[in-house]
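Open the model in your viewer and keep the selection tool handy. We will go from stop to stop, with something to select at each one.

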Amino acid sequence: QVQLVESGGGSVQAGGSLRLSCLASGRTFSSYVMGWFRQAPGKEREFVATIPRSGRSPYYADSVKGRFTISRDNAKNTVYLQMNSLKPEDTAVYYCAAREMPYDSGSYYVDQKEYEYWGQGTQVTVSS
């Protein structure tokens with residue numbers, strides 16, 4: 001199995017930027033599809049972005065498309081979420097998730113139930 005630890009959260013004013021990191025330990029990082037989800041107070045956890053094993057052709061929720069960028073460095077066992085032009089509605093706990101895959105299937109995994117492993121989350125607060 002894999003252990004995930006997020007970092008990089010914090011407080012920022014609207015329009016600002018943050019970069020989240022998720023360090024994976026355990027089995028081969030390149031065997032996992034990675035995703036970012038978030039949960040705002042009083043709301044359900046929602047999909048943010050996902051990236052295949054290869055790192056090519058990531059997929060985003062409409063609410064973050066054009067503002068957030070997901071990337072991965074398989075040599076460093078790390079997935080990143082660069083968040084620009086932040087809005088107060090981006091305030092949430094952000095979670096990193098992993099799904100073990102023998103190969104890139106061409107499908108995008110946007111349902112939290114499709115991920116087997118989760119980090120503890122990191123808080124992002126955006127003030128207006």
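## Stop 1: Y94

This is a predicted model. Begin by selecting Y94, which sits in strand 9, residues 92-100. Is Y94 buried or exposed? Its relative accessible area is 0%, so Y94 counts as buried.

Now show the residues around Y94. Leaving out residues up to four places away in sequence, Y94 touches E6, L20, W36, F37, R38, V48, F68, L81, M83, G121, T122 and V124. For a sense of scale, also select Y32: the C-alpha atoms of Y94 and Y32 are 19 Å apart, and the two residues are 62 apart in sequence.

Which side chain joins that of Y94 in a polar contact of 2.9 Å? The partner is R38, and R38 is where we go next.

## Stop 2: R38 and its partners

Select R38, a residue of strand 4. With a relative accessibility of 5%, R38 falls under the 20% cut-off, so it counts as buried. Besides the link to Y94, the R38 side chain makes a polar contact of 2.6 Å with the side chain of E46.

Display the wider surroundings too. Not counting neighbours within four places in sequence, the contacts of R38 include E44, R45, V48, S63, V64 and F68. E89, D90, A92 and V93 are also among them.

Pick out D90 from that group. The side chains of R38 and D90 form a salt bridge, 2.9 Å from N to O. R38 is in strand 4 while D90 is in the loop between strand 8 and strand 9, so this pair ties together parts that are 52 residues apart in sequence. Both partners are buried.

## Stop 3: the salt bridges

How many salt bridges does the structure hold? There are four. As background, side chains of opposite charge can pair when their charged atoms come close.

Keep D90 selected and add R67. Their side chains meet in a salt bridge of 2.7 Å, N to O. This pair also links distant parts of the chain: D90 belongs to the loop between strand 8 and strand 9, and R67 to the loop between strand 6 (59-60) and strand 7, 23 residues apart. D90 is buried at 0% relative accessible area, and R67 is buried at 11%. Show R38, E46, R67 and D90 together: salt bridges that share partners join these four into one network.

For another setting, select K65 and D62, whose side chains meet in a salt bridge of 3.1 Å, N to O. K65 is partly exposed, with a relative accessible area of 47%, whereas D62 counts as exposed at 67%.

## Stop 4: strand 4 and the strands beside it

Select residues 32-39, which make up strand 4. Why is strand 4 described as largely enclosed by the rest of the structure? Seven of its eight residues are buried, so the description fits.

Colour strand 9 next. Strand 4 and strand 9 run antiparallel and are joined by eight bridges. To find one of these places, select V33, whose bridge partner in strand 9 is R99.

Then colour strand 5, residues 46-51. Strand 4 and strand 5 pair in the antiparallel sense over five bridges; here you can select M34, whose bridge partner in strand 5 is I51. The hairpin of these two strands has six residues between the strands, and in it G42 takes a positive phi near 75°.

## Stop 5: the open sheet

For the last stop, show strands 1, 3, 8 and 7. These four strands form an open sheet in the order 1-3-8-7, with antiparallel pairing. Strand 1 (2-7) and strand 7 (68-73) stand at the edges with a single partner strand each, so one side of each has no neighbour in the sheet. From one strand to the next, the twist averages 15°.

Zoom in on strand 7 and strand 8, the latter covering residues 78-83. They pair over six bridges in the antiparallel sense. Finish by selecting T69 and looking across to strand 8: the residue opposite T69 is Q82.

Methods
Residues numbered from 1 in each chain as written. Predicted model: local features only at pLDDT ≥ 70, side-chain atom pairs only at ≥ 80, totals over all residues. Heavy atoms only, no water. Buried < 20%, exposed > 50% of the residue type's maximum accessible area, 1.4 Å probe, protein only. Contact = heavy atoms within 4.5 Å. Polar contact = N/O pair within 3.5 Å; in protein donor to acceptor, adjacent residues only side chain to side chain. Pairing = 2+ DSSP bridges. Axes fitted to C-alpha atoms, helices over the stretch in contact; angles between N-to-C directions.
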